Amino acid sequence: MRKTITVRSFTAGSTVFARSAPPAHWAGVMEGMLKLDNITEEGRVSTFAGVPSGAWFGEGSVLKDEPRPYAVTALTDSVVALLPRSEFLRLLHESHPFALWLIGQLNARLAHYVAQVQTDRLGDTTAQVAYSLSGLFNDALFPNTARRITLSQEELGRLSGVSRQVTNRALQELQERDAIRLGYGSIEVIDLKVLQAIAREG
DNA sequence: ACATTAACGATGA
DNA sequence: TCATCGTTAATGT
């Protein structure tokens, strides 16, 4: 199976999978960071997932054999592993441990989005930004995320569903509370526990 | 109240 | 030089 995996590099800003593309592969991020987003007819953008190093994604379209409902874009220079759909399905059918692992992944992702809805409904904007940021450090989903990630405030804002200006204010508050340290085009998580606690405040 | 967009200058890579 | 950041003003709900 290892020989069927291909590895491709993407420069920042380039498209990994176009929207409506056929689901030819299941993919994993080896280096860098991707985002999953949708664009409406009017051109409004909704980013719904950041995909850091260590994450696998795209199995939904593969399982349904439907065109990808979102675009996948590299936020930084990235390296992506691609497993052909046929190999993914064979693995799923033949390997019980793999199937269990995949169920665990899907369950962890569901838990993430359930908690995200709660934060968006009950939390203030700082909590929303804190939750979106902490989500990139979900140990069940992305075991390899580095403490410092390259991500602009603009992109984190898109991920959080708030404007860049509000994101900037929220991040400064998180820094005041010693949860993170801000850099130029990057964010370093100092205390993930504190960040997660702030994400639960309302 | 509090968020959004637009706009500005400052600054880092 | 260009992306990014920090801030303010005007506007909307």
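In this predicted model, a polar side-chain atom of Arg-164 sits 2.8 Å from a base oxygen of DNA strand C. Two further side chains approach the backbone of the strand. For Asn-168, a polar side-chain atom is found 2.6 Å from a phosphate oxygen of DNA strand C, and for Gln-153 an N or O atom of the side chain is 2.8 Å from a phosphate oxygen of that strand. Arg-164 thus addresses a base oxygen, while Asn-168 and Gln-153 address phosphate oxygens.

These three residues belong to a wider set around the DNA. The surroundings of DNA strand C comprise Ser-152, Gln-153, Arg-164, Gln-165, Asn-168, Gln-172, Tyr-184 and Gly-185. Helix H6, spanning residues 164–176, provides the largest share of this surface, with 4 residues. Sorted by class, the surface holds 6 polar residues, 1 nonpolar residue and 1 charged residue. From the side of the nucleic acid, sugar or phosphate accounts for 57% of the atoms of DNA strand C that lie within 4 Å of the protein, and bases account for the rest.

Turning from the DNA to the interior, the structure contains 1 cavity of 30 Å³ or more. The volume of the largest cavity is about 40 Å³. Its lining is made up of Met-33, Leu-34, Lys-35, Thr-47, Ala-49, Gly-50, Leu-75, Leu-136, Leu-151, Glu-155 and Leu-159. At least two of the lining residues come from each of strand E4 (33–39), strand E5 (45–52) and helix H5 (153–160). Nonpolar residues number 7 in this lining, alongside 2 polar and 2 charged ones. Both domains take part: domain 1 (2–88) and domain 2 (97–199) each contribute at least three residues to the lining of the largest cavity.

The open pockets come next. The largest pocket has a volume of about 460 Å³, and 27 residues line it. Nearest its centre are Leu-36, Phe-48, Ala-49, Arg-109 and Tyr-113. Two or more lining residues are supplied by each of E5, strand E6 (56–57), helix H1 (59–64), helix H3 (96–122) and helix H4 (125–135). Among these elements, H3 has the largest share, 5 residues. The lining of the largest pocket includes 14 nonpolar, 10 polar and 3 charged residues. As with the cavity, at least three residues are drawn from each of domain 1 (2–88) and domain 2 (97–199). Ala-49 appears in both settings, since it is listed in the lining of the largest cavity and also lies among the residues nearest the centre of the largest pocket.

The second largest pocket has a volume of about 290 Å³. It is lined by 17 residues, with Ala-115, Tyr-131, Gln-196, Ala-199 and Arg-200 closest to its centre. H3, H4 and helix H7 (192–199) are the elements giving two or more residues to this lining. H3 again stands out, giving the most, with 5 residues. The classes divide into 8 polar, 6 nonpolar and 3 charged residues. H3 and H4 therefore recur as elements with two or more lining residues in the second largest pocket, having also been listed for the largest pocket, a useful link to keep in view when the two are inspected side by side.

Notes. Residues numbered from 1 in each chain as written. Chains lettered and ligands numbered in written order. Predicted model: local features only at pLDDT ≥ 70, side-chain atom pairs only at ≥ 80, totals over all residues. Heavy atoms only, no water. Near = heavy atom within 4 Å. Polar contact = N/O pair within 3.5 Å; in protein donor to acceptor, adjacent residues only side chain to side chain. Nonpolar A, V, L, I, M, F, W, Y, C, P; charged D, E, K, R; others polar. 1 Å grid on protein atoms, 1.4 Å probe; cavity = no way out; pocket = protein on both sides within 12 Å on 5 of 7 lines; lining within 4 Å. Points joined across faces, edges and corners; volume = space filled by probe spheres on them. Domains from an automatic or database assignment.
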